Amino acid sequence: MTAASGQRREPIVSVRDLQVRFQTSDRRATVKAVDGVNFDVRRGETFGIIGESGSGKTTIGRALVFLLNPSAGAILHGGIDPLTLPRREFQNHRRDYQIIFQDPNAALNPRMTILASVLEPLELARIGDRAARERQAREALERVGLPQEFGERYPHQLSGGQKQRVVIARALTLKPKLISATRWWPRSTCRSAATCSICLPICSAISA
Ligand SMILES: Nc1ncnc2c1ncn2[C@@H]1O[C@H](COP(=O)(O)OP(=O)(O)OP(=O)(O)O)[C@@H](O)[C@H]1O
Ligand SMILES: [Mg+2]
């Protein structure tokens, strides 16, 4: 095996015997949202999870990027358990693992222009100077097929699908290794109401 093929085969994420439990609000019972899930996602792969409503798909998607911690089992990123990293390293590490939520309205600030929204993660991460950040943000908008003039608009001036693309552009700016998408409708799968009724969160490993 060559070094390159070895690198390709190394999973970006490995899920091992994952369990996530929630307590009910009266704390009298426990909901087993995820119980014994195992899978690997490698660079360049698109991995989808299909299941009935309430079966734990979004919970897995959130756990993949450590928006919630496993109750048991492990999630390894590139072979390491991020929960063992020191706090600052953990925060830096999380930039490589992004999540896109289902509702773009909840993810975009109505008072910020589209360009400002896409710039925000780069500014928080203090990447490059202002000009370099703006170039990266504009490139990300271009990558999702939005014309440059959309950068000066506000969310209410975009269609639902265009807003969804802005949210994807925002996640792409940091060039993540993995994007966990909780319910993503690729255009080609949305030709009928029947296919759209299937819940399809996709963990997409983006090749750099
Ligand atoms: N924060 C929470 N507290 C308590 N229970 C929760 C919490 N989040 C999710 N659950 C429960 O965990 C289970 C799995 O929820 P999840 O959102 O992962 O399902 P899903 O497969 O994404 O469903 P859908 O297809 O309807 O989006 C459900 O029974 C849900 O009610
Ligand atoms: Mg869901």
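What is the handedness of the crossing of α5 and α7? The crossing of α5 and α7 is right-handed. (A crossing is right-handed if the near helix is turned clockwise from the far one by less than a right angle, and left-handed if anticlockwise.)

This is a predicted model, in which local features need pLDDT of at least 70 and side-chain atom pairs count only at pLDDT 80 or more, while totals for chains, interfaces and linings use all residues. Residues are numbered from 1 along each chain as its sequence is written, and chains are lettered from A and ligands numbered from 1 in the order in which they are written.

**The protein as a whole**

Eight helices and seven strands make up the secondary structure of the protein. Helices (H or I, at least four residues) and strands (E, at least two) are DSSP runs, numbered from the N terminus. The protein has 208 residues, of which 30% count as buried. A residue is buried if 20 or more other C-beta atoms lie within 10 Å of its own, exposed if 12 or fewer, and partly exposed in between, with C-beta atoms placed from the backbone. Two residues are in contact if their C-beta atoms, placed in this way, lie within 7 Å. Among contacts between residues at least 6 apart in sequence, 66% join residues at least 24 apart.

**Around ligand 1**

The shell around ligand 1 holds 12 residues, and Phe22, Ala33, Ser53, Thr58 and Thr59 come nearest. (A residue is near a molecule if its C-beta atom, placed from the backbone, lies within 6 Å of it.) Two elements, β2 (30-42) and α2 (57-64), give two or more residues each to this shell. The most comes from α2, with three residues. Sorted by class, the shell has four nonpolar residues, seven polar and one charged. Here Ala, Val, Leu, Ile, Met, Phe, Trp, Tyr, Cys and Pro count as nonpolar, Asp, Glu, Lys and Arg as charged, and the others, Gly among them, as polar.

Helix α2 is also mostly covered, with six of its eight residues buried. These are Lys57, Thr59, Ile60, Gly61, Ala63 and Leu64.

**Helix α5 and its two partners**

Which residues of α5 are buried? They are Ile114, Ser117, Val118, Leu119, Pro121 and Leu122. What covers the buried residues of α5 includes α6 and α7.

The axes of α5 (residues 114-124) and α7 (residues 160-172) come within 7 Å and cross at roughly 30°. Axes are lines fitted to C-alpha atoms, for helices over the stretch in contact, and angles run from 0 to 180 degrees between N-to-C directions. The two helices α5 and α7 are therefore roughly parallel to each other. Angles under 35 degrees count as roughly parallel, over 145 as roughly antiparallel, 65 to 115 as roughly perpendicular and the rest as oblique. On the α5 side, Ile114, Ser117, Val118 and Pro121 meet Val166, Ala169 and Arg170 of α7. This contact of α5 with α7 has five nonpolar residues, one polar and one charged.

Helix α6 (residues 130-143) packs against α5 at an angle of about 125°, with the axes 9 Å apart. That makes α5 oblique to α6. The crossing of α5 past α6 is right-handed. Leu115, Val118, Leu119, Leu122 and Glu123 in α5 meet Arg133, Glu134, Gln136, Ala137, Ala140 and Leu141 in α6. By class, the residues of this contact are seven nonpolar, one polar and three charged.

**Three residues in loops**

The table lists three loop residues with their surroundings.

| Residue | Loop | C-beta neighbours inside 10 Å | Counts as |
|---|---|---|---|
| Phenylalanine 66 | between α2 and β4 (72-77) | 17 | partly exposed |
| Methionine 112 | between α4 (104-107) and α5 | 14 | partly exposed |
| Arginine 126 | between α5 and α6 | 8 | exposed |

Phenylalanine 66 comes just after α2 and has a positive phi of about 60° although it is not a glycine. Arginine 126 comes just after α5; its phi is positive too, at about 50°, and arginine 126 is not a glycine. For methionine 112, the point to note is a distance: its C-alpha atom is separated by 8.7 Å from that of arginine 153, which is 41 residues apart from methionine 112 along the chain.
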